[in-house]
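Here's a quick briefing for anyone meeting this structure for the first time. Have a look at it below, then read on.

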Amino acid sequence: MDLQVLPLVEKKAPIADESKLVFGKQFTDRMFVMEYDADRGWHSARIAPYGPFILDPAALVFHYAQEIFEGLKAFRRQDGSIALFRPRDNFERFNRSARRMCMPEVNVDFMLRALKELIRLEADWVPRSEGTSLYIRPTMIATEPVLGVKPSERYLCYIILSPVGAYYKGGLNPVKIWISDEYARVSPGGTGEAKTGGNYAASLYASTQAASRGYDQVLWLDAVHRKYVEEVGSMNICFLYDGKVVTSPLKGTILDGITRRSILTLVSEEGIEIEERALSVDEILDGVESGRLSEAFGTGTAAVVSPVGQFTCGSRTVKLAGAGELTLKLYNRLTGIQYGKLPDPHGWVETI
Ligand code: COI
């Protein structure tokens with residue numbers, strides 16, 4: 001498929017102060033867009049000026065939430081070059097989400113070519129300061145205007161770019177987590193593994209309540225027993241428990257995180273045993289109190305590796321000391337590879 005590059009009419013001012021970058025509020029000058037319809041497949045691929053879409057109010061995405069997205073990052077490396085972290089894995093997961101949501105798959109090689117071209121054009125927007133990056137949001141939405149509940153016959157796929165700082169205001173400061181034993185995010189057989197907006201919409205009510213009580217994130221428990229750890233709103237979660245790294249297994253209800261996968265590889269390279277198993281909320285609360293659980297951290301593209309400092313479930317609160325030794329080591333190794341300060345033995349990084 002051809003990739004057209006449309007002229008840019010107006011260039012926005014570049015990033016004024018990188019130390020003030022927050023997550024996902026500022027977007028670059030251009031975006032990638034392509035369209036799909038059942039007769040023609042994907043077509044009209046273009047890099048166009050960033051701007052609003054005109055969509056029919058009946059478009060299926062607005063009514064039945066047929067949409068998927070991805071999150072990956074480009075990093076400015078020490079030598080000034082720009083690198084993507086495991087981009088192929090993201091587009092492969094995009095296709096898995098597409099299958100689950102009855103949406104058309106994309107060609108991974110073409111998406112990578114388009115993304116690299118987009119970033120080459122927007123290279124000035126890749127920040128240079130420590131801890132900053134260019135967050136990349138591939139998205140697909142159902143655009144057919146019809147009110148029947150059915151898969152759309154038309155779609156829009158686009159990629160937007162946002163220069164970002166740390167996802168959490170406190171950077172590497174430990175986050176406070178509220179464990180929700182009342183609300184559930186997804187259930188077995190549902191869409192928990194797909195990166196689709198509805199999963200995040202379903203999390204908003206509990207997240208808002210948690211935020212109003214001063215918590216950064218909600219930890220979701222399994223919907224059947226309301227007992228076993230699943231994931232946190234914007235990240236997977238790992239625990240250092242009895243000297244082993246314990247994390248929830250991939251069984252369809254949590255996101256198959258690319259940062260999660262990378263971190264588990266780094267953990268096994270540290271010679272630490274990994275247990276992918278259901279960890280109960282009691283094991284967390286009792287474990288922190290007894291000292292068996294010594295560290296907890298979230299993993300995600302946006303969140304990177306985020307130490308957890310506190311868990312609250314109902315009337316019970318337990319606190320961990322600041323970012324633990326393993327958490328910091330994993331953070332430094334992962335970001336070292338991403339920013340080109342450490343070797344990349346697994347070939348995770350693709351320079352542009
Ligand atoms: C990411 O880490 O890229 C995510 O998509 C999480 C998020 C919803 C900000």
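How much surface does the protein chain expose, and what share of it do carbon and sulfur atoms supply? The exposed area is about 15400 Å², and carbon and sulfur atoms supply 50% of it. Keep in mind that this is a predicted model. With that said, here's the tour, from the overall build down to some individual salt bridges.

**Overall build**

- You'll find eight helices and 18 strands in the protein chain.
- The radius of gyration comes to 21 Å, close to the 20 Å that the globule rule gives for 352 residues, so the chain is as compact as a globular protein of that length.
- If you boxed up the C-alpha atoms along the principal axes, you'd need roughly 60 × 50 × 35 Å.

**Inside and contacts**

- Buried residues make up 52% of the 352 in the protein chain.
- Take the contacts between residues at least 6 apart in sequence: 71% of them join residues at least 24 apart.

**Charges**

- The protein chain carries 41 positive and 44 negative charges.
- Average the positions of each kind, and the two mean positions turn out to be 2 Å apart.
- Salt bridges number 27 in the structure.

**A bridge between two strands**

- Arg46 pairs up with Glu35 in a salt bridge, with 2.7 Å between the closest N and O atoms.
- Arg46 sits in strand 3 (residues 41–49) and Glu35 in strand 2 (residues 30–37), so this pair ties together parts that are 11 residues apart in sequence.
- Glu35 has 27% relative accessibility, so it counts as partly exposed.

**Glu144 and Lys150**

- These two also form a salt bridge, and the closest N and O atoms of Glu144 and Lys150 are 2.7 Å apart.
- Which of the cover classes does Glu144 fall into, buried or exposed? Glu144 counts as buried, because its relative accessibility is 14%, under the 20% cut-off.
- Lys150, on the other hand, is partly exposed, with a relative accessible area of 31%.

**A salt-bridge network**

- Arg261 and Asp256 meet through their side chains in a salt bridge, at 3.2 Å from N to O.
- Asp256 is buried, with a relative accessible area of 12%, while Arg261 is partly exposed at 23% relative accessibility.
- This pair belongs to a wider group: salt bridges that share partners link Arg86, Asp89, Arg96, Asp256 and Arg261 into one network.

How values were computed:
Residues are numbered from 1 along each chain as its sequence is written. This is a predicted model: local features need pLDDT of at least 70, side-chain atom pairs count only at pLDDT 80 or more; totals for chains, interfaces and linings use all residues. Side-chain values use heavy atoms; hydrogens and water are left out. Helices (H or I, at least four residues) and strands (E, at least two) are DSSP runs, numbered from the N terminus. The radius of gyration is taken over C-alpha atoms; the globule rule is 2.2 Å times the number of residues to the power 0.38. Buried means under 20% relative accessible area, exposed over 50%, partly exposed in between (1.4 Å probe, protein chains only). Contact means heavy atoms within 4.5 Å. Accessible areas come from the Shrake-Rupley method with a 1.4 Å probe; for residues, only the protein chains shown count as cover. Lys and Arg count as positive and Asp and Glu as negative; His and the chain ends are not counted. The place of a charge is taken as NZ of Lys, CZ of Arg, CG of Asp or CD of Glu. A salt bridge is a side-chain nitrogen of Lys or Arg within 4 Å of a carboxyl oxygen of Asp or Glu.
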